[in-house]
Amino acid sequence: MSEPTLARLIEIAAEAAAIVKDVYSAPFEVDYKAPKDPVTVADRRANALICARLAEAYPGIPVVAEESDPASFAGYRDAERVFFVDPLDGTREFVDRNGEFAVMIGLLDGEHATLGVIHAPATDTVYAGAVGDGAFRIDPSGARAPVRVSEVARLGEARIVASRSHRSEKMQRALELLGVGEVIALGSAGLKGVAVASAAAEAYVTPGYAGKRWDACAADALVRAAGGRFTDAHGLPIAYRGEKLANNRGVLACNARLQGALLERLAKLRAELG
C-alpha cells in the first residue's frame with residue numbers, strides 16, 4: 001500500500017472542490033438531516049468522489065466521512081491510520097451563498113492528525129500542511145507561499161474567529177470572558193483553522209460542542225504544521241479514537257503564545273457556568 005502524501009490529498013480535494021463549484025454555480029435543492037442541519041447534492045457528490053479516490057489510492061485505510069454510511073467505516077478506531085473527511089464544511093454558508101465553505105481531508109496517524117488539506121472552492125485557494133514539515137497556501141495561479149501562526153502574545157491584541165451560524169449563549173459569554181481585541185464572524189470550522197494557521201487571526205475557540213471529528217482533523221494538522229496549537233477546550237489532544245465522533249469537549253486552535261492564557265479563561269468559564 002502506498003504512503004499517503006499531501007500532494008495526492010491536494011489533488012483529490014481539488015477534484016471535490018470542482019464538484020462543489022459546479023453545484024454552487026446553479027440553483028440547487030436543500031435537504032435537512034435534522035433541523036438546522038442542511039445537506040445538498042454538493043455534499044453527497046463530493047463525499048462520494050473523495051471516498052472513491054482515497055479507497056483507490058490507499059486501500060485499507062478507513063475513511064470516516066460526514067456523508068458516508070457509518071457502516072462503511074466501522075472498526076476505524078482500531079486502524080493505525082484513518083482519513084477524516086468533510087466534503088463540504090460550512091453547508092449553511094454554502095446554502096446562504098456567502099463563500100465561507102471548504103473541502104477538508106485530514107489524516108490521523110496513531111493518535112495525532114499529521115496531514116491536512118483545506119480547499120476553499122469560492123476562492124480556489126488551498127491551505128495544506130504536514131506536521132513537522134510546515135504549512136503553505138496555494139493561490140489560484142498555483143503559486144505557493146508558506147504560512148505560519150502569528151506571534152501576538154496579549155489577549156487584548158488578539159483576534160478570534162467565531163461561528164457565524166452556531167453562536168450559542170455559552171459561546172457569547174466565552175467571547176466576553178476571553179477579553180480579546182476583536183471577534184471575527186466566520187463560517188466553516190476549516191476556514192477558522194485557516195485563519196489561525198495563516199496569522200489572519202490568533203485563535204479559534206469553541207467552548208462546548210464543536211462539530212464532529214471530520215470538522216477538526218484537517219484543521220488540526222494544518223494549524224500544528226503552521227506552528228500553532230490545536231486541542232480541545234480543556235487543553236488535551238482531540239480524542240479521534242474516542243467512543244463518539246462528536247467534539248463535545250470543544251476546540252481551541254491558537255498560536256503557542258496565547259494558549260496558556262486562553263485555557264485559563266476557558267477554565268473560568270466552565271467554573272462560572274458549572
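Which side chain meets glutamate 157 in a salt bridge? The partner is arginine 154, with N and O sitting 3.6 Å apart. Arginine 154 has a relative accessibility of 56%, and since anything over 50% is called exposed, that is the label it gets. Keep in mind as you look around that this is a predicted model.

That pair is one piece of a bigger charge inventory: the structure holds 14 salt bridges. Take another one, between arginine 8 and glutamate 11, where the closest N and O atoms are 3.0 Å apart. Both residues belong to helix H1, which covers residues 6–24, and they are three residues apart, or about one turn of the helix. Arginine 8 comes out as partly exposed because its relative accessibility is 23%. Glutamate 11 is also put in the partly exposed class, this time at 45%.

Now for a salt bridge that reaches further along the chain. Glutamate 67 pairs with lysine 33, again with 3.0 Å between the closest N and O atoms. Glutamate 67 is in the loop between strand S3 (63–65) and strand S4 (81–89), while lysine 33 is in strand S1 (residues 31–34), so this contact ties together parts of the chain that are 34 residues apart in sequence. Lysine 33 has a relative accessible area of 39%, so it counts as partly exposed. The pair also has company: Lys33, Glu66 and Glu67 are linked in a network of salt bridges.

Just along from there, have a look at the backbone of lysine 36. Its phi is near 65 degrees, a positive value in a residue that isn't glycine. You'll find lysine 36 in the loop between S1 and strand S2 (37–39). With a relative accessible area of 66%, lysine 36 is exposed.

Next, the strands. S4 and S5 run antiparallel and are joined by seven bridges; valine 82, for instance, stands opposite leucine 108 in S5. On to the next pairing: S5 and S6 are antiparallel too, with seven bridges joining them. Here valine 103 has histidine 119 in S6 as its bridge partner. S5 and S6 make a hairpin with two residues between them, and glycine 110 in the turn has a positive phi of about 70 degrees. How enclosed is S5 itself? Strand S5 spans residues 102–109, and seven of its eight residues are buried, so the rest of the structure largely encloses it.

Follow the chain past S6 and you meet another positive phi. Aspartate 124 has a value of about 55 degrees, although it is not a glycine. Aspartate 124 is in the loop between S6 and S7, and it is partly exposed because its relative accessibility is 29%.

Step into S7 and you can pick out alanine 128. Buried or exposed? Alanine 128 is buried, because its relative accessibility is 0%, and under 20% is what it takes. Leaving aside residues up to four places away in sequence, alanine 128 touches Leu6, Ile10, Gly116, Val117, Gly134, Ala135, Phe136 and Leu222. For a sense of scale, alanine 128 and serine 2 are 126 residues apart in sequence, and their C-alpha atoms are 20 Å apart in space.

S6 and S7 turn up again when you go looking for open space. The second largest pocket has 13 lining residues, and those nearest its centre are Ala120, Thr123, Tyr127, Leu191 and Val194. Strand S6 (112–120), strand S7 (125–130) and helix H5 (189–197) are the elements that each give two or more residues to that lining. The pocket has a volume of about 150 Å³. As for chemistry, the lining has seven nonpolar, five polar and one charged residues.

Last stop: closed space. How many cavities of 30 Å³ or more are there? The count is one. The largest cavity holds about 30 Å³ of space, and its lining is made up of Pro207, Ala233, His234, Leu266, Leu269 and Arg270. Sorted by class, that lining has four nonpolar, one polar and one charged residues.

Technical notes. Residues numbered from 1 in each chain as written. Predicted model: local features only at pLDDT ≥ 70, side-chain atom pairs only at ≥ 80, totals over all residues. Heavy atoms only, no water. 1 Å grid on protein atoms, 1.4 Å probe; cavity = no way out; pocket = protein on both sides within 12 Å on 5 of 7 lines; lining within 4 Å. Points joined across faces, edges and corners; volume = space filled by probe spheres on them. Helix = DSSP H or I, 4+ residues; strand = E, 2+ residues; numbered from the N terminus. Nonpolar A, V, L, I, M, F, W, Y, C, P; charged D, E, K, R; others polar. Salt bridge = Lys/Arg side-chain N within 4 Å of Asp/Glu carboxyl O. Buried < 20%, exposed > 50% of the residue type's maximum accessible area, 1.4 Å probe, protein only. Contact = heavy atoms within 4.5 Å. Pairing = 2+ DSSP bridges.
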